[in-house]
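Colleague: Could you take me through one small part of this model up close, and then show me how the rest is arranged around it? Plain talk is fine; I'm at the bench, not at the graphics screen.

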2 protein chains.
Amino acid sequence: MRVFNFSSGPAKLPEEVLQQASEEMLSWHGRGYSIMETSHRSPEFTAIIEETEQLLRSLLGIPSGYSVLLLQGGAHLQFAMVPLNLLGPKTNADYVLTGIWSEKAAEEARRFCNVNVAADNAASDRTAVPAQAALRLDPAAAYVHYCSNETINGLEFPYVPATGDVPLVADMSSHFLSRPLDVSRYGVIYAGAQKNFGPAGLTLVIVRNDLVGRCSPRWPTMLDYRTYAEAHSMYNTPPTYSVYIANLVLKWLAAQGGVEGIERANAAKAKLLYDAIDASGFYSNRIEKAARSRMNVPFSLADAGLDGAFLQEAGERGLVQLKGHRLVGGMRASIYNAMPLEGVQALVEFMQDFERRHG
Amino acid sequence: MRVFNFSSGPAKLPEEVLQQASEEMLSWHGRGYSIMETSHRSPEFTAIIEETEQLLRSLLGIPSGYSVLLLQGGAHLQFAMVPLNLLGPKTNADYVLTGIWSEKAAEEARRFCNVNVAADNAASDRTAVPAQAALRLDPAAAYVHYCSNETINGLEFPYVPATGDVPLVADMSSHFLSRPLDVSRYGVIYAGAQKNFGPAGLTLVIVRNDLVGRCSPRWPTMLDYRTYAEAHSMYNTPPTYSVYIANLVLKWLAAQGGVEGIERANAAKAKLLYDAIDASGFYSNRIEKAARSRMNVPFSLADAGLDGAFLQEAGERGLVQLKGHRLVGGMRASIYNAMPLEGVQALVEFMQDFERRHG
């Protein structure tokens, strides 16, 4: 029996995708071997990786002036690759700090450049997003970095920062593919796959072509966006099985009506859960309403002493991986693309029942 | 129907492993979710990654003074990480050149240090391994690097170079886990997983602890061995599904009698194939006998015009992915751990039959 899995990542994948992967594990398309056992230079895998790029371009309307790169190392490696690739002769970069992930990105960038903190929502205890007017942008910065959805805090930008001629860089790991996106507003978009895209170990980078080729040869070849752009992500062996799963996920997404269709479903799921929290005197979410994440919904119980009982009883009802991040505590329900409405309904019903009995 | 798949990598995996992965894809150990959908911080995955390290330590007899790291980026990223982590204040490193992979490693290292070519088998057209006495080692080198099995050329070192007090570094990507190994002879061993260990996208590093901690903070955090050693490879999200498959592969290997048992099987498979080639006037392998790889067996047909027919007929008999590397041409049969003796027997029978009809 499948359960409803609210893991923040590596996260739930569409059941249809796992079903197909299971069926094809010993013999992909009747070939007699798994795609996991196939040379990355084989026609079979080459077709998969090319189709994956085309699906991404089509689903997100990625302009032709952008490269789509599939690589490894997660968002953590991008925290270094962004400055190494974008600084060029410049020495400064702007960072918007809104939570743990943007702080980590800035911390790593300090190894390579001067970090100008363009905004910091620490005064709001990470519960609000800085307004456009509050961003103290440096016109000489090489780029402006922000994290458009802070997974741990459950904070999502309701707007795209305007940065003039300075390239905008976004860590979109935890809401990439959850809604339409105007790629042309960005210089670089990056995302770890393990939320809405595929298994952990695959990383996506979308980069404007004029920003490719600035990385100095004093850095490793594998950290240069050009290495991946020129070789269509096949400079060395890519994580082939993860690319295959991502390919299946994108086809599933297209069948849901693409990012437009999934956005409607995600908005409905998030509204159901936040409304239930707000209507209750027992559960609470601290984030200002305009900046609440549609993907990650942290919430607290009025009595933290009941956390253990909540997790225990939820688990018995097939509602799992709800424990909040250790830095925030409480609960967190991650309701990514693959979580059906029924999962959120079941969670809300359980929450109301738990409140009646313990509240 | 499963075929015999001779891919050089990503390569054949044990059928039992794929069978279990297929069965557990929708629900791991009855949990109702895939291990692919599980948080890397969950008790389930934590147990898997810890067990994976213990299995490696036990199978290879890794001494306690060594760290076992699981990371991403393939051997290509190690080509940079080795100098960045091992140079310290030194400026020179020794490289033994025996083929395409050791050349690639040296080429990348030239970005970071002076590369002393300790030996180069180009004069033998990459068909022989330099003898110990022929190595021109620099006592002031930070380390000595070699590739102990050259996948493309099919050349395997029959001995471990003695390097005195200078740490020995080996790229073992394509024969790691195929035979016993005296880890204490090495400073660093690294290997991409996609031959004998698991899916592409997982990389193993075994490093002597006194070599951890020398990486300068001017390099990215994710390139420092210490980052992985201190966090037990959980500094950021590891490629969790690939670790899970590797875990199953190691259990399978233990059931084959460990590396001692698999070495006997590998020796028998290689002898069968090389003997058939040598007994024929139609097929040939150029590598000197003492240095022939047990894992990768390149061979040529007397008439290259028959290559297409050979591949076509082999495919019809369920013998696939036999085409040689584009830089070498001809055929290559990679007979890694997961290839059963029956696969090599079927190949030899086909080769003899093909020779009778076309030779």
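I'd like to start at A:His145: which residue stands opposite it in β8(A)? And once that's clear, please carry on outward from there.

Modeller: Sure. The residue standing opposite A:His145 in β8(A) is A:Val169. Bear in mind that this is a predicted model. The two strands involved, β5(A) and β8 (residues 168-171) of chain A, pair in the parallel sense over four bridges. Now look at the other pairing: β3 (residues 92-97) of chain A and β5(A) also run parallel, over two bridges. There, A:Tyr95 is the residue opposite A:His145. So much for the pairing; next, the side chains. From strand β5 (residues 144-147) of chain A, A:Val144 and A:Tyr146 point one way, while A:His145 and A:Cys147 point the other way. Whichever way they point, all of these are buried. As background, strands of a sheet pair through backbone hydrogen bonds, either parallel or antiparallel.

For the antiparallel kind, go along chain A to an open sheet of three strands, in the order β11-β12-β14. In that sheet β11 (283-284) and β14 (331-334) of chain A sit at the edges with a single partner strand each, so one side of each has no neighbour in the sheet. Strand β12 (residues 296-301) of chain A pairs with β14(A) in the antiparallel sense, over four bridges. One bridge to look for is A:Val297 with A:Ala333 in β14(A). Lying across β11, β12 and β14 of chain A is helix α7 (residues 258-279), which runs at about 15° to β12(A).

Chain B has an open sheet of three strands too, with the order β11-β12-β14 and antiparallel pairing. β11 (283-284) and β14 (331-334) of chain B are its edge strands, and each has a single partner, so one side of each is left without a neighbour in the sheet. β12 (residues 296-301) of chain B and β14(B) pair antiparallel over four bridges. A bridge worth finding here is the one between B:Asn296 and B:Ser334 in β14(B). Helix α7 (residues 258-279) of chain B lies across β11, β12 and β14 of that chain, at about 15° to β12(B).

If you want one residue to hang that region on, try B:Val297, which is found in strand β12 of chain B. B:Val297 counts as buried because it has 23 C-beta neighbours inside 10 Å, and the cut-off is 20 or more. Leaving aside neighbours within four places in sequence, its contacts include B:Ala270, B:Leu273 and B:Tyr274, as well as B:Arg332, B:Ala333 and B:Ile335. B:Gly154 and B:Asn285 are also among the contacts of B:Val297. B:Thr151 is 146 residues from B:Val297 in sequence, yet their C-alpha atoms are 8.8 Å apart in space.

Stepping back to the whole of chain A, you'll count nine helices and 14 strands. Its radius of gyration is 21 Å, close to the 21 Å that the globule rule gives for 359 residues, so chain A is as compact as a globular protein of that length. The C-alpha trace spans about 65 × 60 × 30 Å along its principal axes. Buried residues account for 53% of the 359 in chain A. Of the contacts in chain A between residues at least 6 apart in sequence, 69% join residues at least 24 apart.

Now for how the chains meet. Chain B has 52 residues in contact with 52 residues of chain A. On the side of chain B that touches chain A, α1 (15-23), α3 (74-86) and α6 (240-255) each supply at least two residues. That side divides into 21 nonpolar, 25 polar and six charged residues. The copies meet through the same surface, because 100% of the interface residues of chain B are also interface residues in chain A.

One residue to look at here is A:Lys12, in the loop between β1 (4-5) and α1 (15-23) of chain A. A:Lys12 is buried, with 30 other C-beta atoms within 10 Å. Not counting residues up to four places away in sequence, A:Lys12 touches A:Asn5, A:Ser7, A:Tyr336, A:Ala338, A:Met339 and, from the other chain, B:Glu37.

Finally, the symmetry: a turn of 180° with a shift of 0.0 Å along the axis lays chain B on chain A with an RMSD of 0.0 Å. That is the relation of a two-fold axis. In chain B, the C-alpha nearest that axis belongs to B:Ser22, 2.2 Å from it.

Methods: Residues numbered from 1 in each chain as written. Chains lettered and ligands numbered in written order. Predicted model: local features only at pLDDT ≥ 70, side-chain atom pairs only at ≥ 80, totals over all residues. Least-squares fit on C-alpha atoms with pLDDT ≥ 70 in both. Contact = placed C-beta atoms within 7 Å. Pairing = 2+ DSSP bridges. Axes fitted to C-alpha atoms, helices over the stretch in contact; angles between N-to-C directions. Rg over C-alpha atoms; globule rule 2.2 N^0.38 Å. Buried ≥ 20, exposed ≤ 12 C-beta atoms within 10 Å, placed from the backbone. Nonpolar A, V, L, I, M, F, W, Y, C, P; charged D, E, K, R; others polar.
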